[in-house]
Amino acid sequence: MLGNIALALTFTASLAGMVLYALAARGRTEYLVAARRMTQLALLGMFVACATLLYHIFSYHFEYNYVYEHASRKLSKFLLFSTFYASQEGSFMLWGLWTAIIAVFLLEYARRQRYEAQVMAIYLSVLVFISLMLLTKSPFETIYAAHPGEAVKGFIPPDGKGLNPSLENLWIVIHPPMLFLGFSLLAVPFAFALAGLLRRDYQGWVVTSIPWTLGAAMVLGFGIMLGGFWAYETLGWGGFWGWDPVENASLLPWLVTVAAVHTMLTQRRTGGLIKTNIGMTLLAYALVLYGSFMTRSGVLGEASVHSFADPGNLAFTLLVCAMGLFILVPLAIFLWRWREMSGFGQNYQILSRETSLSLASAVLGASALVVFIGTSAPLLKKKVDPDFYTNLHIPLIVVLLVINGLSLLLKWRQSNGNEVLKKSITALVATGVITLGIIWMGVRDLRFIAIIAAAFFALSVNIQVGWKVLRGHWNLAFDRNAPTKQDYLRRVGTALGITLAIGLVTLLVSSAGDYNLFGGLILQGWPYFTILFAALLVVFVLAGYPAITVDTKFLGAYVAHIGIAVFVLGVVASAGYTDREIIRLPIKKPVVAFGGKYTLTFRGVENAPNEHTYWLVDIADKHGYVGTAKPLTFWTDFNQHSQPILNPGIVKFASRDLYFTLNSAESEGGTPRDTLGKMQEVSQFGDSLRIKFLSFEFPQSERTKMMAQQPFRVKADIVANGDTLTLGVTRNPATEEASEEDVIVPGTSYHVQLDQLMPDMKDPSKSRVVLRVFDDKNPPPPPTEVITVEAFMKPYINLVWAGILTLVVGFGFSTLRRRREAIVAIERAERAYEKLLAEKHGMSPDSPAVPGAIRDSRPQLKIKRQV
């Protein structure tokens, strides 16, 4: 009851806030205060609704259908928390919560930008849509309402169905909050772009929305990376991106957003690309909604392994209407203003930074188009192969990496070709050496050679230019006498920075050879890493050594571009040069693998809670034991579909991962088994024993016991060397134990046992038996447990994760820099506005702050924004 009331409050308050802000945008500024209160009230409603749902989950209130469908008493508290957003309704709650939180921060930011009324009216429309969806498909519906006629009112299930086993992973717990935070952040530049269109402010909105766009790209990129890491650690197919339509749904807006960042920076500098920026910003959020429709409408039910189920007719209709509204209305306004924006076009020189940034955006747009076509194919009852994406992206990646490096060597407006060539000599020489080196190492695939060369060119240019920038913006602090808290923090940062630098060097050195120097120091040598950091910290703090401070505001682009290059190198190395083997491992018998680099030994199994089983594979190299891989298996009947779950076992090294997935487990040796059809004969022991299956007995009384999960007995008659023998076996279905009766063939030392009877009650002639036959004088060898694993050696996979993290850090630096610039622009605009207001009301330009009543009339005035 409380949860639904809170959701109704959110819907009502956000709708009222949207209407009041719309009126304020029309000049009724007296509604601004009420609109702000409505925004805060909407956030309060979402907080109460989310808190109520969490309370129901942690209190095991299984009378609520959402809690029953996704929570369970068996889940840890950590995983129990993730059930909050495990399905349709909960994920909308999370999306709504982030949107409401951001609305409160955006309110103040937009107010200072004099964009409050327009931006908040548009932004709150998103919250109206989300809360309306929640009212339509509420997580507070009871099981009696959700399953009328099936659940008796008053009955509370003792336990819930639990979380999808494939989602029981740390990264998937963090992944959805990051994605939905990114989606909510993307609504901000969407609102600014649309508000800019409405106000005919085609330049000012860019400065204000760049920090939000960068922040959204950073958070969304991090969320996508977490999803890839989850797939790598959980799904067991050896990769991190399968081009699944649900995965692509989050990649699409990210690609368009990153493309928009480049053209927005161009507009900020040159004033051009207005239509491009508004169009891409609107498109990015349209793709958020399109992705939501694809993953939540049920249209991908057969094309994706993890899309949501069909939400029902009403929710489906709302999704379609919302998508149409948020796409068609902005498109209509965009086209209506098209002619007005045409006068701002500029002609860019070919050798200029703005041209290179525009080309980079075009390549990213082409990538988004490829992903869009592949993702939308299931709507036409088709599904494209992953090769469709891979083959089309190879030339795009090469072009993008070349532009990545080249853009930093170009100046704004116009560059001299000879100067660009001179600046790029170092990078070209380094790229040539590296390219010849990889060819000498045996790489012959022209596609890989082109990608690696382009990546090293981009990497070389970014490191070269980034170092020049860094060299001009670092400082040494020598104050040893009266250090402040900030000095100590700087010294901690310096110690950490030097430790990281040494760690990266050992990582690179380890990667170049066939060994781990200090275990890679960072990845596996964390004890060494900790000792080194502590030692440096003691030296810097106690001895007063200087601390290094670095102004990072200029590093964003370089760090992000380095991340892209490193990521591509990791993808090429790990995807193109993965060594894959299918290996049979008899227990405790070492097996040489991967061309003799490693020796694998299946040590046995380790049972874990919830009937999970770890299969222990010890790994040794020429220096000895290096680690144990633990592929995990367990059975689940989640959603009443009994299926095995196979999680891989991964042993990480600095330069590679060893990745194991269990394919099968069986016994080898032991007593041989023969399967015989009725009246079928088989020879054993060099034709000295001939056995024929005659008939069987499986009376109704024994079948009844079997159905009741009680021990039951079956019999089979055979002919062995002319003698008719009766064999019997007693089975216990509850414990799966069997007790075979041992029968000796007369006049021989041969033993025969009935291992299994497979009767066909409709056609007894098709029945079969499984017999165990052995010679008492030559007993069979004891059974040996054997597992078959699919093993991958994935070189440089860590570059994939390091590249993405570097990219995210680069976006973080850029976000902070552009935020500072936006604040400066705000302060300039504030001063200009105060002056304008003072002049309008006959006050001195040097008078103190303008009274609040006058200031609130600001949406009615326009001033020229200083960019």
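**Group meeting: strands, sheets and a helix pair**

Strand 18 (residues 743-744) and strand 19 pair in the antiparallel sense, and two bridges hold the pairing. This is a predicted model, so please keep that in mind throughout. In this pair, isoleucine 744 has histidine 751 of strand 19 as its bridge partner. The two strands form a hairpin with five residues between them. Within that hairpin, glycine 747 takes a positive phi near 80°.

Strand 19 has another partner. Eight bridges join strand 19 to strand 20 (residues 768-775), again in antiparallel fashion. One position to look at is leucine 757, whose bridge partner in strand 20 is valine 769. How much of strand 19 is buried? Strand 19 covers residues 750-758, and seven of its nine residues are buried, so the strand is largely enclosed by the rest of the structure.

Let me step back to the whole chain for a moment. The protein chain has 867 residues, and buried residues make up 51% of them. Its secondary structure comes to 24 helices and 21 strands. If we take contacts with a separation of 6 or more, 69% of them are between residues 24 or more positions apart. The accessible surface comes to about 40700 Å², and carbon and sulfur atoms account for 62% of that.

Now to the sheets, beginning with the one of five strands. The sheet is open, its order is 13-14-15-16-17, and the pairing is antiparallel. Which strands stand at the edges? They are strand 13 (681-684) and strand 17 (737-740); each has a single partner strand, so one side of each is left without a neighbour in the sheet. From one strand to the next, the twist averages 30°. At the strand 17 end, the partner is strand 16 (residues 723-732), and four bridges join the two, which run antiparallel. Across this pairing, threonine 730 stands opposite serine 739 in strand 17.

The other sheet I want to show has four strands. This sheet is also described as open, with the order 3-21-11-10 and antiparallel pairing. Its edge strands are strand 3 (579-586) and strand 10, each pairing on one side only. Direction ignored, neighbouring strands of this sheet are turned by 25° against each other on average. Helix 9 (residues 204-234) packs on the sheet and touches strand 10, strand 11 and strand 21 (784-795). The direction of helix 9 makes about 110° with that of strand 10.

Staying with strand 10, the partner is strand 11 (residues 656-668), and the two pair in the antiparallel sense over four bridges. A hairpin of three residues joins strand 10 to strand 11. Two of the cross-strand positions can be named. Glycine 649 has phenylalanine 660 in strand 11 as its bridge partner, and isoleucine 650 stands opposite tyrosine 659 in strand 11.

Which side chains of strand 10 (residues 649-652) are buried, and which are not? The side chains alternate along the strand. Gly649 and Val651 point to one face and are buried, while Ile650 and Lys652 point to the other and are not.

Next, a helix pair. Two packed helices are described by the angle between their axes and the distance between the axes. For helix 6 (residues 116-136) and helix 12 (residues 313-336), the axes come within 10 Å and cross at roughly 170°. With the cut-off for roughly antiparallel set at over 145 degrees, helix 6 and helix 12 are therefore roughly antiparallel to each other. On the helix 6 side, the contact is made by Ser125, Val126, Phe129, Leu132, Met133 and Thr136. On the helix 12 side, the residues are Leu314, Ala315, Leu318, Leu319, Ala322 and Phe326. By class, the contact has ten nonpolar and two polar residues, with no charged ones.

Last, a single residue in helix 1. Helix 1 spans residues 2-25, and threonine 10 is found there. Is threonine 10 buried or exposed? Its relative accessibility is 0%, and buried means under 20%, so threonine 10 counts as buried. What is threonine 10 in contact with, leaving aside its neighbours within four places in sequence? The contacts are Ala42, Gly45, Met46, Leu127 and Ser131.

How values were computed
Residues numbered from 1 in each chain as written. Predicted model: local features only at pLDDT ≥ 70, side-chain atom pairs only at ≥ 80, totals over all residues. Heavy atoms only, no water. Pairing = 2+ DSSP bridges. Axes fitted to C-alpha atoms, helices over the stretch in contact; angles between N-to-C directions. Buried < 20%, exposed > 50% of the residue type's maximum accessible area, 1.4 Å probe, protein only. Contact = heavy atoms within 4.5 Å. Areas by Shrake-Rupley, 256 points an atom, 1.4 Å probe, with all protein chains shown as cover. Parallel < 35°, antiparallel > 145°, perpendicular 65-115°, else oblique. Nonpolar A, V, L, I, M, F, W, Y, C, P; charged D, E, K, R; others polar.
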